[in-house]
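Biologist: Could you take me through one small spot in this model, and then show me what else is worth a look? I would like the cut-offs too, please.

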Amino acid sequence: MQRIGVFVCHCGTNIAGTVDVKAVAEALGREPSVVTSVDYQYMCSESGQNLIKDAIRDYKLTGVVVCSCSPRMHENTFRKAAAAAGLNPYMVEIANIREQCSWIHKDVAEATEKAIILGRAAIAKVQLNAPLVAGESPVIKRALVIGGGIAGIQTALDIADAGFEVDIVEKQPTIGGKMTQLDKTFPTLDCAACILTPKMVECAQNELINIYSYSEVDAVSGFVGNFSVKIRKKARYVDETKCTGCGLCTEKCPQKKVPNEFNLGMDNRRAVYIPFAQAVPKVATIDADYCTMLKTGKCGVCSKVCTAGAINYKQTDEIVERQYGAIVVATGFNPIKVDKYDEYAYGQSKDVITSLEFERLTNAAGPTSGKLLRPSDGKHPHKIVFIQCVGSRCTPEKGKSYCSKICCMYTAKHAMLTREKYPDTEVYVFYIDVRTPGKNFDEFYRRATEEYGVHYIKGMVGKVSPKADGTLEVQASDLIMNEQLRIDADLVVLAAAIEPDKSARPLATMLTASMDTNDFFTEAHPKLRPVESPTAGIFLSGACQGPKDIPETVSQAGAAAAKVIGLLAKNKLTCNPCVAHSDELLCNGCSQCANVCPYGAITYIEKEFVMPDRSKKIRRVASVNPAVCQGCGACTVTCPSGAMDLHGFSNRQIMAEVDAICK
Amino acid sequence: MQEVMKKRAIELLSDGTVAKVIGWMPGEFSYDMTPAVFTTAEEIESNFVYNDFCGANVSKYVMREQKKASDAKILVFLKPCDTYSFNQLTAEHKIVRENVYVIGVGCDGMADVEKIKAAGIEGITGIESDGDKFIVKTVYGDETIARADALAERCAACKSKKLTVYDEIIGEDGEVVENSGRFDLVAKLEAMSADERFEFWRNELSRCIRCNACRNVCPACTCEQCVFDNPKSGIDQKAAADSFEENMFHIIRAFHVAGRCTDCGECSRVCPQHIPLHLLNRKFIKDINELYGDYQAGDDTESKHPLTSFTYDDAEPSVIHERGNE
């Protein structure tokens, strides 16, 4: 027979405001095996915890039920308090009467009744609790960073700086990410390449950092401290160890008509290419979709001119399996496709461009060598209209409901730089709101309007119509002046919303990391654990978690690195004892549990059993690796025999809870 | 056909290829064909039967024989629908395929003796197939009945006449039947209101006497110990608690075999109370087909069933939630 203590928390008025806590304590005090039942202002406070500790000693409690907030908040607090008083910490159960009760009900009588039912379920469960002892597992002292943009680079550098090995997996042929495509960076207007390339070089030179470029993550197994990751090194048909990056092949390749993705298709590259001069690693890659040799077997020019003998048309994808203690997701973002915004005529006129394309047009390494020229006729534009919030703060059917956060600032930058370089160009910016909350951000925006004479007009553009003379008629409303405007622009620039990279969704599945409806990774706690995923050992860096500018990305990258370092610095991690186990006498060896296990924790073994008639028989039974099991319980509900069970959440405990609720 | 099968069984037994033969023999009544294990040529000569009353699925008997701690090779005769169960049992490691010699037997549907009796034919002693008729032998002489009137319901809505596993074939192999119409009754139940459906099942299941025949015959029910027999499961006494809990036995059983049930229809065949239990399983199969794409358990021994595998195309939980509201 258990001796159970019940502790009902007021949580100030959070619970007590809607739930009659005294009535709850009194009702639960009448439940079987309950020897004490009290309420208190704040159970998580020192004195609240002491109340529990004293009761454990005074009443010789064997089980504790705390009716309070979500176990995600204070389960650990109460377990530690119980352990301090000599009770096994896993004899503590939480009844969540805050998030699942007081916060969502208004009627006191109803909320009180529900709180009693939830408490009763927890008591029924604790009746069947058994003491559990947590084991330990080792930590592999190496981290994986998925994505080699500025977020991934910064995280990798910071982790390596602490003396731990880091691998960066980047799907492009070079690290650097979106920042390599930018011209200048707000609010200080330093050149993006000038501040990024030293960091890229540092990554290449750091002995603790290993770059897998042109590679993707294929599969992830394992758990915090002990992940095993399959990395697919895509065939680039060039031996990375031999290629010197001289670029001769990229000059001689006869296939010249390949859209250059680095310049967003605004010029062409060859079938064998190095994305840009400062690429890291500086290794050529053959584009199999365009290479004549790979497609028809006839050409081989690159192979002939390569003095290093690095070209290898027979190269195939290679799978590398590596072990990691921690994984950082830094998969970044992409601007959305703006083709569907017919009103802005993006598909109809070459002179309607996105901001990232504008970035390339003003970049010295871009298709126009940095001269701002119209894509249609190569002439200098004299009137430019910038349209903000294209797809941001939009209806979900058409675009993204969120604010993309970076557009106000980069548009101010574009407007300002245009006015500075080409004072004869008139610049209009149409906006819903101008949002500049950042250090020196509002000053920057004001400089654009006050010093550089950029015309900021509050209002949205209704229609952009290409005209016969090559100009673009922009129809818009000025909400402050309350008038309709028609501007004949030479160039229209769309500030497209940003969205998470498409690779993020399948990756989240592999990592069992959660995402929000927009496919941004969710953090373990939006305020208090912003760089950790709810899945242990998975950390978040940069725009994969939400829209961010460079300063914010770099701060988050550093924060994620600090968390990783904190993990890798440990030699051992305490395991969760709430893991699955198989009753071998019941197991019928059907393998369904192994099929559903997302962690690969279940294997089958042939084991000898003595049967009831004393004969010996070898049977095939499931065996759980407790270090790998995460206690998700998928196997326990799949097993038709009820042979699989979860410590701390046994089938009987859950049935007892359901029975208590339905009583 | 019976004579060919007998001859082949005796051959394989006497040349030592197999040590046991699993087939059918007459039970209490001469129309009541029962799965049987033969070990000698004499037994086969005198008792082995194969006719249109041999509807019983013998695949589970292979598992039972193999459990008897002997590696002796077994010859089993499987009808097309039995081969699906055989494959599913192999996939679940219940049958060691190497130790079985499978003779696939072509099948054109089995007769349901209840239907024949209902047509007023009495004193049945045997049956023969004759085109679109069955010739029923009785103590009063031969009677004929239209095939369509005597065919078992599961055979009338046969999903496949294809032998999915065999070492050799006697008779003719067939094809998977498209548009078998086996989900027509399920669709009818789906069209009912929730209350009507609840009443339908309460009424059907109220006849259950918990004889466990459905469970014992089911080739998917292969647990070492059924949760309903296991005092540690905490639910063994539930079914006895009240009539509603008792009804849950069948619902839970349907859940336990979901994704693994090959729709062999044995549960309904053996039910002494004529409860259409196979409709529960067919509802699951229909849902799986609709939510995860067409899937036939026992098609092969490799594929994982949709309920224990994950693909990016899987239905979102919200879809299932919405269907529940219909």
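Biologist: Why does B:Gly181 count as exposed?

Modeller: Happy to help! B:Gly181 counts as exposed because it has 12 C-beta neighbours inside 10 Å. With C-beta atoms placed from the backbone, a residue is exposed if 12 or fewer others lie within 10 Å of its own, buried if 20 or more do, and partly exposed in between. This is a predicted model: local features need pLDDT of at least 70 and side-chain atom pairs count only at pLDDT 80 or more, whereas totals for chains, interfaces and linings use all residues. Residues are numbered from 1 along each chain as its sequence is written, while chains are lettered from A and ligands numbered from 1 in the order in which they are written.

B:Gly181 sits in the loop of chain B that lies between β8 (168-170) and α8 (184-191); helices (H or I, at least four residues) and strands (E, at least two) are DSSP runs, numbered from the N terminus. Between the C-alpha atoms of B:Gly181 and B:Asp300, which are 119 residues apart along the chain, there is a separation of 23 Å.

Elsewhere in chain B, the axes of helices α3 (residues 59-66) and α4 (residues 80-91) come within 8 Å and cross at roughly 40 degrees. Here the axes are lines fitted to C-alpha atoms over the stretch in contact, with angles from 0 to 180 degrees between N-to-C directions. On the α3(B) side the contact (C-beta atoms, placed from the backbone, within 7 Å) involves B:Ser59, B:Val62 and B:Met63, and α4(B) brings B:Asp82, B:Ser85, B:Phe86 and B:Leu89.

For a buried counterpart to the loop residue, turn to chain A. Strand β3 (residues 63-68) of chain A is mostly covered, with six of its six residues buried. A:Gly63, A:Val65 and A:Cys67 point one way from β3(A), and A:Val64, A:Val66 and A:Ser68 point the other way. Strand β1 (residues 4-9) of chain A pairs with β3(A) in the parallel sense over five bridges, pairing being called when DSSP finds at least two bridges between two strands. One of the bridge partners is A:Val66 in β3(A), for A:Phe7. Strand β4 (residues 92-96) of chain A also pairs with β3(A) in the parallel sense, over five bridges, and there A:Asn96 stands opposite A:Ser68. Helix α4 (residues 71-84) of chain A joins β3(A) and β4(A) in a right-handed β-α-β unit: with the strands pointing away from the viewer, the path from the first strand over the helix to the second runs clockwise.

Definitions and conventions. Two residues are in contact if their C-beta atoms, placed from the backbone, lie within 7 Å.
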